[in-house]
Amino acid sequence: MFVFIVRRLLWAIPILIAASLLAFLLIDISGDPLSELREDPNIPQESIAAEEERLYLDQERHVRYQLWVTGSAVEFSSTGVGVVHGDGDIGLLRGEFGPSVRGEVYQIGEEIGERFLLTLRLIGVAMVFALGLAILSGVISAIRQYSKVDYVLTFIGFLALAMPTFWLAALLQRGGVWSNEELGTNLATYGDSTSPHIAQDFTPLENVADIAAHLFLPTVALMLTAYAQWSRYQRASMLEVLNSDYVRLARAKGLPNRVVMRRHALRTALIPLTSVVAVGIAGLIDGVVVIESIFQWRGLGTFFISAINERDAYALMGWLMLSGVIVIVANLIADLLYAVLDPRIRYE
Amino acid sequence: MSDPQLTASGSAGDPPPDAEAITTKERGQLEMVWLRFRRHKLAVISLFTLLLLVAFAFLGPYLWQWDHRIHGDIPSHARPSWDHPLGTTRSGQDLVGQLMRGAQQSLRIAITVSLVATAIGSLWGAVAGYLGGWVDTIMMRIADLALIVPLFVAVAAIGGSPRVGATWYNIALIIAAFSWAPISRVVRGVVLSLREQEFIEAAKAMGASTRRIVLRHLLPNAAGPIIVAATLLVAVAILVEATLSFLAFGIRPPDISLGLMVENARTAAFTRPWLFYPPGVLIILICLTINFIGDGLRDALDPRQTMVRR
């Protein structure tokens, strides 16, 4: 078991390196952060050159990549081998994300740090609810296969898969506003939670209630696609188990239906879900970008959108790397969990 | 693929008419697929709905008097009327004309994505699965890489850049570049079992090249799963493109797409619902029908299925 874990952890290292290369190249090749400056005839060449130097755009691509990852780089030139050092604001391994095109006031690392927990909260809550509902409806569908309940749940699943997240989110958000105005409800329709200077009078309980209220509509919009995928998967997996010989044996022994379901069927049927959930994390990250922009959250999703609009290359690279790391870690956890949960898997 | 019917009815001459009445009717492969597909009522309804939608998007503009552009003689913010059944936008565009153009752009992009990604993905998967060994390992690791960065995030990061531009085929190519990997996995799985079969061995024994085996023997026999995956990818691509345009990283004005229409009418969901609902419902309808068709095809193309209903 220990060897298996170590080997799996070691295997993550080349994947991380490849992911960093991918994130860097995608952004570095696809656009020039200074294109707007260059097109403006009123800006002197010297300031463009200064910006290039500040953003390390005067370096060659491979040097820039090394700088971005480690903070210093080995350079091969005609005169020999030299070492290039960054200005202390670059190098993922040193915890620096690189200089922002928006100037030195804008610290990419600080922004990501401030927004990270907020977005993680949204993704986490949506994941838990999607998973709970998916297991519930998947199991019901499987037990009552080809019944009306099954057809209704299956159709809801299909509908949810076809539903564009942004459309549903916009509808929910406007619906919240409409219901506040017309029906006098008190739904939180925008923002992540009440601004701190109002919230400082809150008791901890009120604060949690406020955060939960602001989470409600975005969570519903975000979890729908994940719910649809996972519930279909759960249904198929539960059906397979229910039709297996050992469940038939458990029934033949005369075990009560409840025990067969809980102890024998459901436990086995949950195992394959771990890897599907890990894959679904990527979908939730996609969704969070849309949801945050519609509900005007100050999270990583809106950070990503503003980074695209500002052509902030290092911010985008950092973001891609971060989401890549989340996906890789999720897959890692799923693999390890799988090994623990499924006794059929050999560790050797 | 070799044709089994050749040996059955080839040189033996036509059977007498009364004998024909006794023997079971011969059916071509396409015919069999259609017969099995027809059993799925929902899939058949979906197919016709989708054909109607495609006709609406591609033939509609020739019949309808307004296109998606701004016209001086279209009133601003008109409610639905006989002249403009779904009303008009603030800048004076007819919503039906916009819907046609939007659906057309969405479908055009999605179908291109599906074709390109399927071509790359199935070749990639077939070569990896057939060659096996370290070639397979390396190729599938590269495919895994394409799955690490979430699809929409990757497409937006590149598509949002002005250097890449926002023409419809650029958007299609970017989406395709990040969505071929799942198809390659499917095809590799099928090829892994196909390559152990006798007809591949026979082809190898006759000295067929790798290229010939992959293109003439493996891919045609993996056609079923490939077609299903390609169909389902169309729905995914529609959603990605719509989201991209919604966030202003995709199709840009003066051109129009369904996602952009939702964005334009975002605040009108309750004040002018005729602007907000049609593009959203159209996206849902397209994706829903495609998913149902994909499900129907999955059953129809599975050769292990018999004509007997289980």
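Through how many residues does a hairpin join β1(A) to β2(A)? The hairpin that connects these two strands of chain A passes through two residues. This report begins with that small feature and then turns to the chains, the domains, the cores and the interface of the model, which is a predicted one.

## The strand pair of chain A

Strand β1 of chain A covers residues 72-77, and six bridges join it to β2(A). The two strands run antiparallel. One of the pairings links V74(A) with its bridge partner V83(A), which belongs to β2(A). Strand β2 of chain A, residues 80-85, is hardly covered. Of the six residues in β2(A), the count that are buried is zero. As a general background, side chains in a regular strand alternate between the two faces of the sheet.

## The two chains

Chain A contains 14 helices and two strands, whereas chain B has 15 helices and zero strands. The table sets out further values for each chain.

| Chain | Residues | Buried residues | Contacts joining residues at least 24 apart, among those at least 6 apart |
|---|---|---|---|
| Chain A | 348 residues | 37% | 67% |
| Chain B | 310 residues | 41% | 72% |

Along its principal axes, the C-alpha atoms of chain A fill a box of roughly 85 × 65 × 40 Å. The predictor's confidence in chain A averages a pLDDT of 84, and 97% of the residues score at least 70. Among the elements of chain A, the highest mean pLDDT, 91, belongs to α6(A). The lowest, 64, belongs to helix α8 of chain A, residues 196-199.

## The domains of chain A

The domain assignment divides chain A into domain 1 (2-97) and domain 2 (108-341). The C-alpha centres of these two domains of chain A are 34 Å apart. Where they meet, 20 residues of domain 1 of chain A are in contact with 18 residues of domain 2 of chain A. On the domain 1 side of this contact, α1(A) gives the most, with 13 residues. The residues on that side of domain 1 comprise 14 nonpolar, three polar and three charged.

A residue of α1 illustrates how distant parts of the sequence may be brought together. L16(A) lies in helix α1 of chain A. The C-alpha atoms of L16(A) and V325(A) are separated by 7.2 Å, although the two residues are 309 residues apart along the chain. Is L16(A) buried or exposed? L16(A) is partly exposed, because 15 other C-beta atoms lie within 10 Å, while 20 or more would be required for a residue to be buried.

## The nonpolar cores

In soluble globular proteins, nonpolar side chains tend to be buried together. The largest nonpolar core in this model has 153 residues, and those with the most contacts inside it are L320(A) and V155(B). Helix α13 of chain B, residues 223-246, gives the most to this core, with 16 residues. Domain 1 (2-97) and domain 2 (108-341) of chain A each supply at least three residues to this core.

Which residues does L320(A) touch, not counting residues up to four places away in sequence? In chain A, L320(A) touches A23(A), L26(A) and I27(A). In chain B, L320(A) touches V149(B), V153(B) and A157(B). Apart from the largest core lies another core, of eight residues, among them A142(A), V241(A), M261(A) and A265(A).

## The interface between the chains

The contact between the two chains involves 37 residues of chain A and 34 residues of chain B. On the side of chain A, the elements that give two or more residues are α1 (2-30), α6 (148-162), α7 (165-182), α12 (273-295), α13 (300-309) and α14 (313-341) of chain A. The largest share of this side, seven residues, comes from α1(A). By type, the residues of chain A that touch chain B divide into 27 nonpolar, six polar and four charged.

Helix α1(A) therefore appears in two settings, for which the criterion of contact is that C-beta atoms lie within 7 Å. α1(A) gives 13 residues to the side of domain 1 of chain A that touches domain 2 of chain A, and seven residues to the side of chain A that touches chain B.

Key: Residues numbered from 1 in each chain as written. Chains lettered and ligands numbered in written order. Predicted model: local features only at pLDDT ≥ 70, side-chain atom pairs only at ≥ 80, totals over all residues. Helix = DSSP H or I, 4+ residues; strand = E, 2+ residues; numbered from the N terminus. Nonpolar A, V, L, I, M, F, W, Y, C, P; charged D, E, K, R; others polar. Domains from an automatic or database assignment. pLDDT = per-residue confidence, 0-100. Buried ≥ 20, exposed ≤ 12 C-beta atoms within 10 Å, placed from the backbone. Core = buried A, V, L, I, M, F, W, Y, C linked by C-beta atoms within 7 Å. Pairing = 2+ DSSP bridges.
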